[in-house]
Amino acid sequence: IFSSEGSTFALYLNRPAVSGVADPIFGHSVSFYLFTVPMLDVVAGWILALSVIVMLPAMVLSVADSTARFRGVSIGISFLLAAVAVQTYLSRFKLLTDDHSLFTGVTYVDDKVIAPALTLTAAALLLGSGIALLNVATGRIRNLIVAIAIPAATYAVAGVLIPAYETTFVVRPN
């Protein structure tokens with residue numbers, strides 16, 4: 001698994017020096033998008049896979065041992081929400097290369113609504129991760145539901161409802 005991504009890490013380690021030109025949306029150089037983002041995507045994918053692998057035994061332990069009181073599941077959910085937060089944050093940068101019917105790049109709605117919504121969702125995921133991690137002390141399922149509900153509600157409002165509302169009122173050329 002690691003050897004298939006060796007070229008990504010080699011390109012990142014041997015990337016050129018950062019030039020003075022930055023994109024107007026996120027303020028990063030071309031080198032960041034060509035070398036750093038692919039490497040971060042690979043690392044984030046590994047972390048997400050590891051978090052799913054950690055989550056499975058934690059769930060089995062929670063079912064098998066009633067004295068565990070969701071402590072292992074709390075750690076697993078915390079790790080999983082943090083990994084999804086990293087993936088969500090990195091997905092903002094992929095907006096720059098989205099194909100549209102007339103052009104490739106960031107639309108007005110992407111810039112003003114989707115990118116901030118992804119940042120807000122990533123922050124909500126990190127908040128949920130923190131709540132799940134604090135639940136290790138109490139072990140209540142109610143806290144785990146809150147830890148998952150906060151990012152889910154944030155995504156539903158900021159990532160689905162608001163962009164749907166914005167795109168219905170954007171005037172499109174014929």
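**Five helices at a group meeting**

Hi everyone, let's start at one residue: Phe79 is located in helix H3. Helices here are DSSP runs of H or I with at least four residues, strands are runs of E with at least two, and both are numbered from the N terminus. Before I go on, please keep in mind that this is a predicted model: local features need pLDDT of at least 70, side-chain atom pairs count only at pLDDT 80 or more, and totals for chains, interfaces and linings use all residues. Residues are numbered from 1 along each chain as its sequence is written, and side-chain values use heavy atoms, with hydrogens and water left out.

Back to our residue. Is Phe79 buried, exposed or partly exposed? Phe79 is partly exposed, with a relative accessible area of 32%. For those words, buried means under 20% relative accessible area, exposed means over 50%, and partly exposed is in between, with a 1.4 Å probe and protein chains only.

Phe79 also has company on the surface. Together with Ile47, Leu50, Ile53 and Val54, Phe79 makes a nonpolar surface patch of about 400 Å². A patch takes residues with over 30% relative accessible area and no salt bridge, joining like charges within 9 Å and nonpolar side chains (Val, Leu, Ile, Met, Phe, Trp, Tyr) within 5 Å. The areas come from the Shrake-Rupley method with a 1.4 Å probe, and for residues only the protein chains shown count as cover. Which helix gives the most to the nonpolar patch? That is helix H2, residues 30-64, with four residues.

Now let's step back to the whole chain. How many helices and strands does the protein chain have? There are five helices and zero strands, so the pattern along the sequence reads α-α-α-α-α. The C-alpha trace spans about 60 × 45 × 25 Å along its principal axes. Of the 174 residues in the protein chain, 31% are buried.

Let's walk along the helices. Ser7 is in helix H1, residues 6-13, and at 49% relative accessibility Ser7 is partly exposed. Ser7 and Met39 are 32 residues apart in sequence, and their C-alpha atoms are 9.6 Å apart in space.

In helix H2 we meet Val52, which is partly exposed at 40% relative accessibility. The C-alpha atoms of Val52 and Ala83 are separated by 9.5 Å, and the two residues are 31 residues apart along the chain.

What about the charged side chains? Side chains of opposite charge can pair when their charged atoms come close. We call it a salt bridge when a side-chain nitrogen of Lys or Arg is within 4 Å of a carboxyl oxygen of Asp or Glu. By this rule the count is two. One of them joins Asp41 and Lys94, with the closest N and O atoms 3.6 Å apart. Asp41 lies in helix H2 and Lys94 in the loop between H3 and H4, so this pair ties together parts that are 53 residues apart in sequence. Lys94 is partly exposed, at 40% relative accessible area.

Asp111 and Lys112 meet in a salt bridge too, at 3.6 Å from N to O. Asp111 is partly exposed at 24% relative accessibility, and Lys112 is partly exposed at 48%.

The loop between H3 and H4 also holds Thr97. Thr97 counts as exposed, at 56% relative accessibility. From Thr97 to Val54 there are 43 residues in sequence and 33 Å in space, C-alpha to C-alpha.

For something hidden, look at helix H4, residues 108-138, where you will find Asn135. Is Asn135 buried or exposed? At 0% relative accessibility, Asn135 is buried. The side chains of Asn135 and Asn143 are joined by a polar contact of 2.9 Å. A polar contact is a pair of N or O atoms within 3.5 Å; within protein, one must be able to donate a hydrogen and the other to accept it, and residues adjacent in sequence count only if both atoms are side-chain atoms.

Our last helix stop is Ala164, in helix H5, residues 141-168. Ala164 is partly exposed, at 40% relative accessible area. The C-alpha atoms of Ala164 and Val109 are separated by 9.9 Å, with their places 55 residues apart along the chain.

Let me finish on the surface. Arg69, Arg71, Arg140 and Arg142 form a positive surface patch. Lys and Arg count as positive and Asp and Glu as negative, while His and the chain ends are not counted. The place of a charge is NZ of Lys, CZ of Arg, CG of Asp or CD of Glu. Arg71 lies in helix H3, residues 71-91. Thanks for listening!
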